[in-house]
Amino acid sequence: MDEGGAERVNPVVRVVVVDDEALVRSGFGLILGASDDIEVVATASGGEAVETVRRERPDVVLLDIRMPDVDGLTVLRELRTRADAPVVAMLTTLDADEYILTALNSGAAGFLLKDTEPEQLAHLVRTLAAGGVVLSPKASRTLLHSHPGTEAPVDEAAARVRLLTARERDVLVLVAEGLSNADIGARIHLGAGTVKDHVSAILTKLRVTSRVQAALLAQRAGLLDEPPQPKAGR
């Protein structure tokens, strides 16, 4: 409690977990529920997902991409039509999922593996709630290696990245690391509004519509593998 007598309370991230397997739902619920700033307000199977989200109004939805009753992509598209749409991240297994690119293009904020380390899961949910991107490195490599079509346009991806200014490339790398605008601003000493303007310019120049797509393109272009360049001045 501070000197003024008002207790500082961190906002709680409300989460809904959607998966056809009860064991997965309960496991994610137990792991995330151990964090004081995260509350799993409900779990659901695919057929119950849209109504559950409508009722609970979560901040973040973790959504299985493959379910037997209702396809995860169908749920994602319906959720994204809502004015108060939550942030949605797709859950997948280690095996490459041929639907993941469609999910990202349909508005998913990222994807993570069902076997994500428990200590990382809460951090990823916080990142999603803060507007960041969640791209599991292991899942990204699996995706890129399993879809020749995503590896082919490397030259084109690199050409688009070359359209960016040095500052925009800095911002893009941090976007790909999953940072929110506020976190990016703190890292490179810019206001959140300025970062937002940079992100908008990046999406336009790269001809993509989401931060996730920009991050994947940066990865294909090899931008994330480049060593830090010395700054020549302001």
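## A walk through the predicted model

Let's start with the whole chain in view: 46% of the 234 residues in the protein chain are buried. Keep in mind that this is a predicted model. With the cartoon on, you can pick out twelve helices and six strands. The chain exposes about 12,300 Å², and carbon and sulfur atoms supply 51% of that area. What about contacts along the sequence? Of the contacts between residues at least 6 apart in sequence, 69% join residues at least 24 apart.

**Stop 1: the sheet**

Select the six strands. They form an open sheet in the order β2-β1-β3-β4-β5-β6, with parallel pairing. Which strands stand at the edges? Those are β2 (38–44) and β6 (134–135); each has a single partner strand, so one side of each is left without a neighbour in the sheet.

Now go to β1, residues 13–18. This strand is mostly covered, as five of its six residues are buried. Six bridges join β1 to β2, and the two run parallel. To see one of these pairings, click on Val17 and look across to its bridge partner in β2, Thr43.

Then move to the β6 edge. Here β5 (residues 110–113) pairs with β6 in the parallel sense over two bridges. Pick Gly110, and you will find Val134 of β6 standing opposite.

**Stop 2: a helix across the strands**

Add α1, residues 22–33, to your selection. Which strands does this helix lie across? The list is β1, β2, β3 (60–64), β4 (87–92) and β5, and α1 runs at about 170° to β2.

**Stop 3: two helices packed together**

Next, select α11 (residues 192–206) and α12 (residues 211–220). The two pack at an angle of about 65°, with their axes 10 Å apart. On the α11 side, show Val199, Leu203 and Leu206; on the α12 side, show Arg211, Ala214 and Leu217, and you have the residues that make the contact. By class, that gives five nonpolar residues, no polar ones and one charged. Turn the pair around a bit and check the handedness: the crossing of α11 and α12 is left-handed.

**Stop 4: the loop after α11, and an arginine in α8**

Stay in this area and select Arg207, in the loop between α11 and α12. Its phi is near 60°, a positive value in a residue other than glycine. Why stop for that? Most residues other than glycine have a negative phi. Is Arg207 buried or exposed? With a relative accessible area of 58%, Arg207 is above the 50% cut-off, so it counts as exposed.

Now select Arg160, which sits in helix α8 (residues 154–161). The relative accessible area of Arg160 is 16%, under the 20% cut-off, so this arginine is buried. What is Arg160 in contact with, leaving aside its neighbours within four places in sequence? Show Leu206, Arg207, Val208 and Leu217 to see those contacts. Two of the names are ones you met at the last stop: Leu206 on the α11 side and Leu217 on the α12 side of the helix contact.

**Stop 5: one more positive phi**

Finish by going back to the loop between α2 (46–56) and β3, where you will find Arg57. Its phi is near 50°, again a positive value in a residue other than glycine. Turn on the surface here: at 57% relative accessibility, Arg57 counts as exposed.

Methods
Residues numbered from 1 in each chain as written. Predicted model: local features only at pLDDT ≥ 70, side-chain atom pairs only at ≥ 80, totals over all residues. Heavy atoms only, no water. Axes fitted to C-alpha atoms, helices over the stretch in contact; angles between N-to-C directions. Helix = DSSP H or I, 4+ residues; strand = E, 2+ residues; numbered from the N terminus. Left-handed = near helix turned anticlockwise from the far one by under 90°. Contact = heavy atoms within 4.5 Å. Nonpolar A, V, L, I, M, F, W, Y, C, P; charged D, E, K, R; others polar. Buried < 20%, exposed > 50% of the residue type's maximum accessible area, 1.4 Å probe, protein only. Areas by Shrake-Rupley, 256 points an atom, 1.4 Å probe, with all protein chains shown as cover. Pairing = 2+ DSSP bridges.
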